[in-house]
Amino acid sequence: MANNNIGPKRLVVGAHYGLRDWMGQRVTAIVMALYTVILLVAFLTGKNFSYEGWAGLFSHQWFKLATFVTFVSLLYHAWVGMRNIWMDYVTKSVAARLVLQVATLLWLVGCAGWAAQIIWRV
């Protein structure tokens with residue numbers, strides 16, 4: 001009886017995607033950290049803490065784009081984490097895992113659309 005857990009023909013299951021996912025989560029974490037620094041600088045150097053002051057900050061296209069890129073980074077970061085949880089810890093049923101993953105993707109895509117609508121609302 002051959003052991004399938006070693007060598008080039010080993011059976012790999014679960015969320016073991018390696019470097020790509022690890023790097024993706026690190027890059028998205030850096031994007032979110034940089035946005036946090038931008039917000040802190042805007043807050044600490046700002047003088048107008050009213051609605052008009054924050055609306056003025058968010059009126060710049062570069063700030064809207066930075067905000068949306070941060071949201072997309074957050075959603076991708078969440079996708080990688082949730083996919084790994086569904087694959088490794090929640091269930092071994094392929095059908096249940098597929099339903100959970102599709103539901104997660106639909107929710108995250110909906111959140112991205114909602115974020116875009118909020119950021120670029122007229």
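Colleague: What is the relative accessible area of Phe49?

Modeller: Phe49 has a relative accessible area of 47% and is therefore partly exposed (buried means under 20% relative accessible area, exposed over 50%, partly exposed in between, with a 1.4 Å probe and protein chains only). The model is predicted, so local features need pLDDT of at least 70 and side-chain atom pairs count only at pLDDT 80 or more, while totals for chains, interfaces and linings use all residues. Residues are numbered from 1 along each chain as its sequence is written, and side-chain values use heavy atoms, with hydrogens and water left out.

Colleague: Let us take the overall layout. How many helices and strands does the protein have?

Modeller: Four helices and zero strands (DSSP runs numbered from the N terminus: helices are H or I of at least four residues, strands E of at least two). Along the sequence the pattern reads α-α-α-α. Of the 122 residues in the protein, 22% are buried. The exposed surface comes to about 9,100 Å², and carbon and sulfur atoms supply 72% of it (Shrake-Rupley method, 1.4 Å probe; for residues, only the protein chains shown count as cover). Among contacts between residues at least 6 apart in sequence, 69% join residues at least 24 apart (contact means heavy atoms within 4.5 Å).

Colleague: Now the helices. Which residues of H1 are buried, and what do they pack against?

Modeller: An α-helix has 3.6 residues a turn, so residues three or four places apart point the same way. In H1 the buried residues are Asp21, Gly24, Gln25, Thr28, Met32 and Tyr35, and they pack against H3. H1 has 27 residues and reaches 39 Å from its first C-alpha to its last, close to the 39 Å expected (1.5 Å times one less than its number of residues).

Colleague: What do the buried residues of H3 pack against?

Modeller: They pack against helix H1 (19-45), helix H2 (51-57) and H4. The buried residues of H3 include Phe63, Lys64, Leu75, Trp79, Arg83 and Trp86. Helix H3 covers residues 61-90, 30 in number, and reaches 41 Å, close to the 44 Å expected.

Colleague: How many salt bridges does a search of the whole structure find?

Modeller: Side chains of opposite charge can pair when their charged atoms come close. The search finds two salt bridges (a side-chain nitrogen of Lys or Arg within 4 Å of a carboxyl oxygen of Asp or Glu). Arg20 and Asp21 meet at 3.8 Å, N to O. Arg20 counts as exposed at 57% relative accessibility, whereas Asp21 counts as buried at 6%. Asp21 and Arg83 meet at 2.4 Å, N to O. This pair links distant parts of the chain, with Asp21 in helix H1 and Arg83 in helix H3, 62 residues apart. Arg83 is buried, with a relative accessible area of 9%. Arg20, Asp21 and Arg83 are thus linked in a network of salt bridges.

Colleague: Where is the nearest side chain of opposite charge for the buried Lys64?

Modeller: It is Glu52, 16 Å away, and Lys64 has no salt bridge (Lys and Arg count as positive, Asp and Glu as negative; His and the chain ends are not counted). Lys64 lies in helix H3. Beyond its neighbours within four places in sequence, Lys64 is in contact with Phe58, Ser59, Ile119 and Trp120.

Colleague: And which side chain of opposite charge is nearest to Arg97?

Modeller: Asp88, at 7.5 Å; Arg97 is buried yet has no salt bridge. Arg97 sits in helix H4, residues 94-119. Not counting residues up to four places away in sequence, Arg97 touches Trp86, Met87, Thr91 and Lys92.

Colleague: That leaves the rings. How many aromatic pairs are there?

Modeller: A pair of aromatic rings is described by the distance of the centres and the angle of the planes. The count here is five aromatic pairs (rings of Phe, Tyr and Trp, the last by its six-membered ring, with centres within 6.5 Å; planes under 30 degrees apart are stacked, over 60 edge-to-face, the rest tilted). Phe43 and Phe49 form a tilted pair, 5.0 Å centre to centre with 50° between the planes. Phe43 counts as partly exposed at 40% relative accessibility. Trp62 and Phe63 form an edge-to-face pair, 5.4 Å centre to centre with 90° between the planes. Trp62 is exposed, with a relative accessible area of 51%, whereas Phe63 counts as buried at 0%.

Colleague: Which residues do ring pairs link into a cluster?

Modeller: Tyr35, Phe58, Trp62 and Phe63.
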